[in-house]
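Subject: The structure we talked about

Hi there,

Here is the structure I promised to pass on. Please have a look at it first, and then read my notes underneath.

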Amino acid sequence: MEHIARFFFGVSGNVIALFLFLSPVITFWRIIKRKSTEDFSGVPYNMTLLNCLLSAWYGLPFVSPNNILVTTINGAGSVIEAIYVVIFLIFAERRAKVRMLGLLSVVTAIFATVVLVSLLALHGKARTVFCGLAATVFSICMYASPLSIMRLVIKTKSVEYMPFLLSLSVFLCGTSWFIYGLLGLDPFIYIPNGCGSFLGLMQLILYAIYRKNKGPAAGAGKGEDADDADEVEDAKKAAAAVEMGEAKIKVDDDTAVVDEPAVVDKVAAQV
């Protein structure tokens with residue numbers, strides 16, 4: 001019965017994580033139509049790619065047994081994120097393209113190092129621990145990316161930049177993989193996804209508190225001084241650059257896009 005429950009939560013985690021990985025499609029369709037990356041940041045896509053690669057590697061049978069569902073979704077996520085990175089490189093300006101290539105080189109180097117060390121220098125339990133730690137560190141970093149948006153919500157008392165469905169998906173994805181890891185007694189899965197589930201829950205609580213304020217941020221311009229108003233605007237700009245698994249949300253076709261990450265792109269996914 002325990003194996004059936006674990007399989008169920010693994011499959012549900014795959015489905016939700018795939019949704020988070022695909023959520024930036026709207027953004028990249030916009031980039032392709034306008035032939036420009038505008039002010040979007042390509043950094044989160046590289047980081048999500050690294051997270052997916054490490055998690056997919058960790059899920060392979062010769063690294064950690066009985067975690068093939070981890071490999072399936074993160075393998076798919078790696079392909080999706082790689083496509084995002086290629087599109088970004090095609091349409092980015094020269095300076096941004098150079099930065100992206102540099103970061104992509106770092107991502108490739110880190111993943112190649114983990115693979116080579118785990119294959120050539122480590123065996124058995126040592127290999128599992130080494131690859132698990134690498135995947136855990138980057139998964140936690142992925143799940144922590146929406147913290148700036150949560151700070152913006154508290155600052156402005158508005159959920160304009162934190163869509164409910166994305167926050168709910170982050171919570172459900174983190175919870176599914178958290179339970180999956182618990183049932184398999186795998187700390188390298190339940191620890192990072194437990195963090196993701198908690199942060200997703202915090203987003204839902206903030207949404208419940210400020211759900212009536214969905215218009216322009218209420219914090220600035222109501223008795224705040226100019227410095228506070230400027231700080232809110234800076235926070236908005238910072239939040240617009242945050243992308244989770246994997247994830248960018250189009251707020252207005254001509255003006256604003258809000259980024260959440262992969263999550264959970266996965267977000268997400270973050271396993």
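In which helix is isoleucine 191 found? Isoleucine 191 sits in helix α9. At 41% relative accessibility, isoleucine 191 counts as partly exposed, since that value falls between the 20% and 50% cut-offs. If you look for its neighbourhood in space, try phenylalanine 178: the two are 13 residues apart along the chain, and their C-alpha atoms are separated by 7.2 Å.

Before going on, please keep in mind that this is a predicted model.

**The chain as a whole**

The protein chain has 10 helices and two strands. Reading from the N terminus, the order of elements is α-α-α-α-α-α-α-α-α-α-β-β, so the two strands follow the helices. Of the 271 residues in the chain, 49% are buried. The chain exposes about 12500 Å², and carbon and sulfur atoms supply 70% of that area.

**The largest pocket**

The largest pocket holds about 390 Å³ of space. It is lined by 20 residues, and the closest to its centre are Arg6, Pro65, Asn66, Asn67 and Gly184. Which helices supply at least two residues each to this lining? They are α1 (2-22), α4 (68-91), α6 (124-144), α8 (164-183) and α9 (187-210). The top contributor is α1, which gives four residues. By type, the lining divides into 10 nonpolar, six polar and four charged residues.

**A nonpolar patch on the surface**

Phe62, Leu116, Leu119 and Leu120 together make a nonpolar surface patch of about 410 Å². Phenylalanine 62 belongs to the loop between α3 (43-58) and α4. Is phenylalanine 62 buried or partly exposed? It is partly exposed, because its relative accessible area is 43%. That value is also over the 30% that a residue needs to be part of a patch.

**Two lysines with positive phi**

Two residues caught my eye for their backbone angles. Lysine 35 has a phi near 55 degrees, a positive value in a residue other than glycine. It is found in the loop between α2 (25-34) and α3. Lysine 35 counts as exposed because its relative accessibility is 62%, and the cut-off for that label is over 50%.

Lysine 157 also has a positive phi, of about 55 degrees, although it is not a glycine. This lysine lies in the loop between α7 (147-156) and α8. With a relative accessible area of 44%, lysine 157 is partly exposed.

What lies 5.9 Å from lysine 157, C-alpha to C-alpha, though 53 residues apart in sequence? That residue is tyrosine 210, which is part of helix α9. Tyrosine 210 counts as buried because its relative accessibility is 17%, and buried means under 20%. So this pair joins a partly exposed lysine 157 with a buried tyrosine 210.

**Helices α3 and α4**

Two more pairs are worth finding on your screen. Alanine 56 is in helix α3, and it is buried, with a relative accessible area of 12%. Its C-alpha atom and that of threonine 71 are separated by 4.0 Å, while the two residues are 15 apart along the chain.

Glycine 75, for its part, is in helix α4. Is glycine 75 buried or partly exposed? Glycine 75 is partly exposed, given its relative accessible area of 27%. Between the C-alpha atoms of glycine 75 and leucine 49 there are 9.7 Å, and the two residues are 26 apart along the chain.

**Where to start looking**

If you have only a few minutes, begin at the largest pocket, with Arg6 and Gly184 among the residues closest to its centre. Then turn to the nonpolar patch that includes Phe62 and Leu116. After that, compare the loop that holds lysine 35 with the loop that holds lysine 157.

I would be glad to hear what you make of it.

Best wishes

Note on methods. Residues are numbered from 1 along each chain as its sequence is written. This is a predicted model: local features need pLDDT of at least 70, side-chain atom pairs count only at pLDDT 80 or more; totals for chains, interfaces and linings use all residues. Side-chain values use heavy atoms; hydrogens and water are left out. On a 1 Å grid over the protein atoms alone, a cavity is a set of points where a 1.4 Å probe fits but cannot get out, and a pocket is an open set with protein on both sides within 12 Å along at least five of seven lines; lining residues have an atom within 4 Å of a point. Grid points are joined across faces, edges and corners, and a volume is the space filled by probe spheres set on the points. Ala, Val, Leu, Ile, Met, Phe, Trp, Tyr, Cys and Pro count as nonpolar, Asp, Glu, Lys and Arg as charged, and the others, Gly among them, as polar. Patches are made of residues with over 30% relative accessible area and no salt bridge: like charges are joined within 9 Å, nonpolar side chains (Val, Leu, Ile, Met, Phe, Trp, Tyr) within 5 Å. Accessible areas come from the Shrake-Rupley method with a 1.4 Å probe; for residues, only the protein chains shown count as cover. A salt bridge is a side-chain nitrogen of Lys or Arg within 4 Å of a carboxyl oxygen of Asp or Glu. Buried means under 20% relative accessible area, exposed over 50%, partly exposed in between (1.4 Å probe, protein chains only).
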